[in-house]
Amino acid sequence: MQSISPLIVPIHVSTGADQLVITDDHRRMAEEAGVTVYQLLEIEPMDTLREEDIKRKYVHGEPLVKPEEVKKLSTRMYELDEWYMKITKTTNRESLMVKVKAEHYFHETALSVEYTELFQLFNQDTLDKSIVSCYCL
């Protein structure tokens with residue numbers, strides 16, 4: 001069986017004296033980037049990013065929440081954040097082991113919870129199943 005390349009249907013858009021061809025690839029790339037085709041092709045200016053619009057990323061040893069959000073944490077979340085800050089200053093570990101008792105999970109087991117998952121939990125971001133399992137137990 002022989003395959004053929006996909007059909008590209010160009011659309012002609014007049015931009016003054018020059019002719020610009022917008023392809024399906026342009027549309028796809030613009031959609032992936034979250035901008036318009038005209039912004040992708042630098043015909044329209046891009047929106048400027050504000051600092052508060054930029055999503056925080058996990059960095060080993062840095063606080064799990066912004067300093068102004070620490071006072072909003074519940075007591076146990078605050079204690080976990082304090083423990084995390086203390087442990088990351090003294091070790092290079094990237095996860096903690098959680099022991100689950102048989103009475104909670106039908107059999108005794110241990111789960112590894114990466115610090116990146118704690119960061120996601122604290123920031124209510126995408127969560128891995130192991131951290132959700134720990135929370136549910």
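Histidine 26 sits in helix α1, which covers residues 24-33. The model looked at here is a predicted one. Is histidine 26 buried or exposed? With a relative accessibility of 18%, histidine 26 counts as buried, because the cut-off for buried is under 20%. And what does histidine 26 touch, once its neighbours within four places in sequence are set aside? The contacts are with Val21, Val37, Leu40 and Leu41.

Methionine 29 is another resident of helix α1. Its relative accessibility is 36%, so methionine 29 counts as partly exposed. Leucine 40, already met as a contact of histidine 26, turns up again here: eleven residues separate methionine 29 and leucine 40 along the chain, and their C-alpha atoms are 7.9 Å apart.

Helix α1 also carries some charged side chains, and these bring us to the salt bridges. Side chains of opposite charge can pair when their charged atoms come close. How many salt bridges does the structure hold? There are five. One of them joins arginine 28 to aspartate 25, with 3.6 Å from N to O. Both residues belong to helix α1 and are three residues apart, which is about one turn of the helix. Arginine 28 also pairs with glutamate 32, and here the closest N and O atoms are 3.3 Å apart. Glutamate 32 and arginine 28 are four residues apart in helix α1, again about one turn. Put together, Asp25, Arg28 and Glu32 make up a network of linked salt bridges.

How open are these three residues? Aspartate 25 has 36% relative accessibility, so it counts as partly exposed. Arginine 28, at 40%, counts as partly exposed too. Glutamate 32 reaches 61% and therefore counts as exposed, since exposed means over 50%.

Elsewhere in the chain, glutamate 108 forms a salt bridge with lysine 99, and their closest N and O atoms lie 3.6 Å apart. Lysine 99 has a relative accessibility of 63%, so lysine 99 counts as exposed.

Now for the chain as a whole. Its secondary structure adds up to six helices and four strands. Starting at the N terminus, the elements come in the order β-β-α-α-α-β-α-β-α-α. The chain has 137 residues, and 20% of them count as buried. About 11,000 Å² of the chain is exposed, with carbon and sulfur atoms supplying 54% of that area. As for contacts between residues at least 6 apart in sequence, 29% of them join residues at least 24 apart.

Key: Residues numbered from 1 in each chain as written. Predicted model: local features only at pLDDT ≥ 70, side-chain atom pairs only at ≥ 80, totals over all residues. Heavy atoms only, no water. Helix = DSSP H or I, 4+ residues; strand = E, 2+ residues; numbered from the N terminus. Buried < 20%, exposed > 50% of the residue type's maximum accessible area, 1.4 Å probe, protein only. Contact = heavy atoms within 4.5 Å. Areas by Shrake-Rupley, 256 points an atom, 1.4 Å probe, with all protein chains shown as cover. Salt bridge = Lys/Arg side-chain N within 4 Å of Asp/Glu carboxyl O.
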